[in-house]
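This report concerns the ligand site and the empty spaces in one protein model. The sequence and structure come first.

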Amino acid sequence: MKLDVLNDKIRKCKKCPLHESITNYVPGEGGEKARIFFIGEGPGEAEDKQGRPFVGRSGQFLREMIDQVGIEADDYFIGNVVKCRPPNNRDPKPEEIAACSGWLKQQLETIGPKVIVTLGRYSMDRFLSGVTISKCHGRIFKRKDGMYIMPLYHPAVALYSPAQKEVLMNDMKRLPVLLKYLEDQS
Ligand code: URA
């Protein structure tokens, strides 16, 4: 299935009650053949208004970092664990994450990224179990199916902390190195 067809399907989803309070669905955006898939938690207020992922303050910061490490716009996709904004930015509930998980799976199948970058705990928990973000941020895990997972702190955590910003930026710098390594392997 093509990505825009899939995203249109997501925009009609009623699998959980979250859609009842949203302005817009936020399926995600980016390259159809992206090698990197960034996965956040869920849309916030700005994202809900615009129907686009990571367009608020933490999103701008994330996009700046991606740009600074030289990842091309069509080489990444940004999405979220849940595609609808949880009311008042509360954490997504397990049943909401479960209801939305099929969409994320289909997006991953459609795009076929080489690297999944999880942003924050909810996204990390979806792909890695038994790890803590403080110990494993910036590390690269290889899955049995050959896909690589890199957990990062959520950019919102780093927004107001110069020390955390540096940690996140240093982790982010590993991405182009990983992409180059993957190119050399193929
Ligand atoms: N935070 C997220 O996790 N996702 C967004 O799209 C925006 C902020």
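The text below takes the ligand, then the pocket, then the cavity.

**Ligand site**

The model is a predicted one. In it, the ligand sits in the largest pocket. The residues around the ligand are Gly 40, Glu 41, Gly 42, Pro 43, Glu 47, Pro 53, Phe 54, Asn 80 and His 154. By class, this shell has three nonpolar, four polar and two charged residues.

Polar contacts to the ligand involve both backbone and side-chain atoms of the protein, as the table shows.

| Ligand atom | Protein partner | Distance |
|---|---|---|
| Oxygen | Polar backbone atom of Phe 54 | 3.1 Å |
| Nitrogen | Side-chain N or O atom of Asn 80 | 2.8 Å |
| Oxygen | Side-chain N or O atom of His 154 | 2.9 Å |

On its own, the ligand has 240 Å² of accessible area, and the protein covers 92% of that area.

**Largest pocket**

The volume of the largest pocket is about 370 Å³. Its lining is made up of 20 residues, and those nearest the centre of the pocket are Gly 42, Pro 43, Gly 44, Glu 47 and Ser 58. Two or more lining residues come from each of helix H2 (45-50) and helix H3 (57-68). H2 is the element that gives the most, with three residues. Seven residues of the pocket lining are nonpolar, seven are polar and six are charged.

Gly 42, Pro 43 and Glu 47 are listed among the residues nearest the pocket centre, and these three are also among the residues around the ligand.

**Largest cavity**

Rolling a probe the size of a water molecule over the atoms shows where empty space is left. How many cavities of 30 Å³ or more does the count come to? The count comes to one cavity of that size. The largest cavity has a volume of about 100 Å³. It is lined by 15 residues, and Cys 13, Cys 16, Tyr 25, Cys 84 and Cys 100 are the ones nearest its centre. Helix H4 (residues 94-111) supplies the largest share of this lining, with four residues. The cavity lining divides into ten nonpolar, one polar and four charged residues.

In brief, the ligand sits in the largest pocket, where the protein covers 92% of the ligand's 240 Å² of accessible area.

Terms used
Residues are numbered from 1 along each chain as its sequence is written. This is a predicted model: local features need pLDDT of at least 70, side-chain atom pairs count only at pLDDT 80 or more; totals for chains, interfaces and linings use all residues. Side-chain values use heavy atoms; hydrogens and water are left out. A residue is near a molecule or strand if one of its heavy atoms lies within 4 Å of it. A polar contact is a pair of N or O atoms within 3.5 Å; within protein, one must be able to donate a hydrogen and the other to accept it, and residues adjacent in sequence count only if both atoms are side-chain atoms. Accessible areas come from the Shrake-Rupley method with a 1.4 Å probe; for residues, only the protein chains shown count as cover. On a 1 Å grid over the protein atoms alone, a cavity is a set of points where a 1.4 Å probe fits but cannot get out, and a pocket is an open set with protein on both sides within 12 Å along at least five of seven lines; lining residues have an atom within 4 Å of a point. A molecule sits in a cavity or pocket if more than half of its atoms lie within 2 Å of its grid points. Ala, Val, Leu, Ile, Met, Phe, Trp, Tyr, Cys and Pro count as nonpolar, Asp, Glu, Lys and Arg as charged, and the others, Gly among them, as polar. Grid points are joined across faces, edges and corners, and a volume is the space filled by probe spheres set on the points.
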